[in-house]
Amino acid sequence: MSEVVFVDSAGRETRVSAENGETLMAVAVRSGIDGIVAQCGGALACGTCHCYIDQRHLDLLPPPSEEEADMIEFVMEPKANSRLSCQLLMSAATDGMRVIVPDSQH
């Protein structure tokens with residue numbers, strides 16, 4: 001188990017538990033995090049699970065696949081720390097990770 005901190009556009013934090021091996025998207029959906037829409041259910045087809053990963057943990061994650069990087073090009077306001085939460089697996093390395101949820105996915 002690990003803890004993830006979701007931060008909304010107003011700066012409000014929501015701390016949730018995550019099982020190792022669970023996707024960040026699944027954690028967000030299960031926890032009712034507004035802003036992680038996840039329309040394609042994790043099929044890497046829509047980009048509506050876009051989020052920003054705090055730099056401290058960003059460097060601990062595997063780099064995005066070519067497919068994920070291509071999809072990130074089409075999200076609203078991509079940044080250097082943009083990731084698709086459907087592609088991130090929870091592990092001991094993600095414990096305490098701060099995830100900033102964008103204002104909009106559309």
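**Local environments in a predicted chain**

His-50 is found in strand β3, which spans residues 50-53; strands are DSSP runs of E with at least two residues, helices are runs of H or I with at least four, and both are numbered from the N terminus. The model is a predicted one, in which local features need pLDDT of at least 70, side-chain atom pairs count only at pLDDT 80 or more, and totals for chains, interfaces and linings use all residues. Residues are numbered from 1 along each chain as its sequence is written, and side-chain values use heavy atoms, with hydrogens and water left out.

Confidence is a helpful place to continue. The mean pLDDT of the chain is 94, and 99% of the residues score at least 70; pLDDT is the predictor's confidence in each residue, from 0 to 100. Among the elements of the chain, β5 has the highest mean pLDDT, at 98, and helix α2 (residues 55-58) the lowest, at 94.

Back at His-50, the relative accessible area is 0%, and the residue is therefore buried (buried means under 20% relative accessible area, exposed over 50%, and partly exposed in between, with a 1.4 Å probe and protein chains only). Its side chain makes a polar contact with the side chain of Ser-82 at 2.8 Å. A polar contact here is a pair of N or O atoms within 3.5 Å; within protein, one must be able to donate a hydrogen and the other to accept it, and residues adjacent in sequence count only if both atoms are side-chain atoms. Leaving aside residues up to four places away in sequence, His-50 touches several others, including Ile-36, Val-75, Leu-84 and Pro-102, where contact means heavy atoms within 4.5 Å.

Two threonines sit in loops. Thr-94 lies between β4 (82-84) and β5 (97-100) and is buried, at a relative accessible area of 1%. Beyond residues up to four places away in sequence, Thr-94 touches Ser-2, Glu-3, His-57, Leu-61 and Leu-89. Thr-23 belongs to the loop between β2 (13-18) and α1 (24-30), and its side chain reaches the backbone nitrogen of Ala-26 at 3.0 Å. With the same sequence neighbours set aside, the contacts of Thr-23 are Ser-85, Cys-86, Leu-88 and Leu-89. Thr-23 and Val-7 are 16 residues apart in sequence, and their C-alpha atoms are 17 Å apart in space.

Turning to the cysteines, a disulfide is taken as a pair of cysteine sulfur atoms within 2.5 Å, and the count by this rule is zero. For Cys-46, the nearest cysteine sulfur is that of Cys-40, 3.6 Å away; Cys-46 is partly exposed, at a relative accessible area of 27%. Cys-51 is likewise in no disulfide, with the sulfur of Cys-49 the nearest at 7.0 Å, and Cys-51 is buried at 0% relative accessibility.

Aromatic rings and backbone angles complete the picture. The charged end of Lys-79 sits over the ring of Tyr-52, 4.5 Å from its centre, the criterion being NZ of Lys or CZ of Arg within 6 Å of the ring centre and within 35 degrees of the ring normal. Most residues other than glycine have a negative phi. Ala-38, however, has a positive phi near 55°, and Leu-44 has one of about 60°. Ala-38 lies in the loop between α1 and β3, as does Leu-44. Ala-38 counts as buried, at 14% relative accessibility.
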